[in-house]
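Visitor: Hi, I have a few minutes before my next gel. Could you walk me through this one?
Guide: Happy to, let's bring it up.

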Amino acid sequence: MGKDPLFFNKVASSVLGALLLIIGGSILLDEMLSPHADHSDVYVPAEPLDEGASAGTALADQGLSSEALAAMLTVANPQNGPKVIKRCLACHTFDQGEAHRVGPNLYSILGDSIGAKDGFNYSAAIGDYASQEERWTPEILFRFLQKPRTVIKGTTMGFAGLKKPEDIADLIAHLNQDYSETPLDFSAP
Ligand code: HEC
């Protein structure tokens, strides 16, 4: 077996060929696997909020996050409040100094202590709840008005709850604007 004068060249070129194949192949593979499979930047429109009772109920069942709730309050319409508050008037008064009915007078309830209106005989359930949560924050009031007997088990408030989250937000905005001694700023971050 004589020495092949081109032996070195042959080895070198086959090594080079193999390298090119590996590099080329991996570039091709990258190309095939990369960003096209990633759909995270596809725009998915948010669920519209004002599609009536069914959309509202779906949201209620999902349970709104605190963030979603706060965002709803910044765009709530207090002008819709007087319509919604009719649901409460059988049992509650809202003007300052008015008498309690089946339920307590609710003047300035937002931000007020829970179960603390003078001269009203609350259930033990409200008392228990007041030992966990101090005040009627907009969020607690919202969740309570959505499902009173789920939030405060054993409450004597005989009311099933308001179905549409928008109505609850509008009512809270109305209470804040028109029946509060110290209105809160819902637009604050
Ligand atoms: C059928 C009568 C009835 C209706 C309708 C009703 N409530 Fe009540 N509400 C009560 C009673 C009774 C209580 C006291 C509950 C207890 O002691 O467990 C109460 C308590 C409350 C409290 C707690 C008050 C506090 O001092 O901590 C809030 C807030 C409230 N109601 C808001 C509302 C709103 C807003 C509506 C309308 C969307 C409404 N309620 C509809 C009877 C009613």
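**Around the ligand and into the core**

Guide: This is a predicted model. By class, the ligand's shell holds 18 nonpolar, seven polar and two charged residues.

Visitor: Okay, and which residues are the closest to the ligand?
Guide: The closest are C88, C91, G103, S123 and M157, among 27 residues that surround the ligand.

Visitor: Which helices supply at least two residues each to that shell?
Guide: Those are α5, which covers 124–132, and α6, which covers 138–146.

Visitor: Let's stay with α5 for a second. Where does A125 lie?
Guide: A125 is part of helix α5. Apart from residues up to four places away in sequence, A125 touches I152, K153, G154 and T155.

Visitor: And how far is A125 from R149?
Guide: In sequence they are 24 residues apart, and in space their C-alpha atoms are 9.9 Å apart.

Visitor: Why does A125 count as partly exposed?
Guide: Because A125 has 16 C-beta neighbours inside 10 Å. A residue needs 20 or more to be buried and 12 or fewer to be exposed, so a count in between is partly exposed.

Visitor: Got it. Switching to α6: is it mostly covered or mostly uncovered?
Guide: Mostly covered, with seven of its nine residues buried. The buried ones are P138, L141, F142, R143, F144, L145 and Q146.

Visitor: What about the largest nonpolar core, which residues touch the most other members?
Guide: That core has 21 residues, and L141, L145, I168, A169 and I172 touch the most other members. The elements giving two or more residues to this core are α6 and α8, the latter spanning 165–178. The largest share comes from α8, with six residues.

Visitor: L141 came up twice there. What is L141 in contact with?
Guide: Not counting neighbours within four places in sequence, L141 is in contact with L110, W136 and I172. I172 is itself one of the residues that touch the most other members of the core.

Visitor: Last topic, the backbone. What is the phi of S108?
Guide: S108 has a positive phi of about 60°, although S108 is not a glycine.

Visitor: Where does S108 lie?
Guide: In the loop between α4, which covers 81–85, and α5.

Visitor: And why does S108 count as partly exposed?
Guide: Because 18 C-beta neighbours lie inside 10 Å of S108, and a residue needs 20 or more to be buried.

Visitor: Great, thanks. Back to the gel!

How values were computed: Residues are numbered from 1 along each chain as its sequence is written. This is a predicted model: local features need pLDDT of at least 70, side-chain atom pairs count only at pLDDT 80 or more; totals for chains, interfaces and linings use all residues. A residue is near a molecule or strand if its C-beta atom, placed from the backbone, lies within 6 Å of it. Helices (H or I, at least four residues) and strands (E, at least two) are DSSP runs, numbered from the N terminus. Ala, Val, Leu, Ile, Met, Phe, Trp, Tyr, Cys and Pro count as nonpolar, Asp, Glu, Lys and Arg as charged, and the others, Gly among them, as polar. Two residues are in contact if their C-beta atoms, placed from the backbone, lie within 7 Å. A nonpolar core is a set of buried Ala, Val, Leu, Ile, Met, Phe, Trp, Tyr and Cys residues joined through C-beta atoms within 7 Å.
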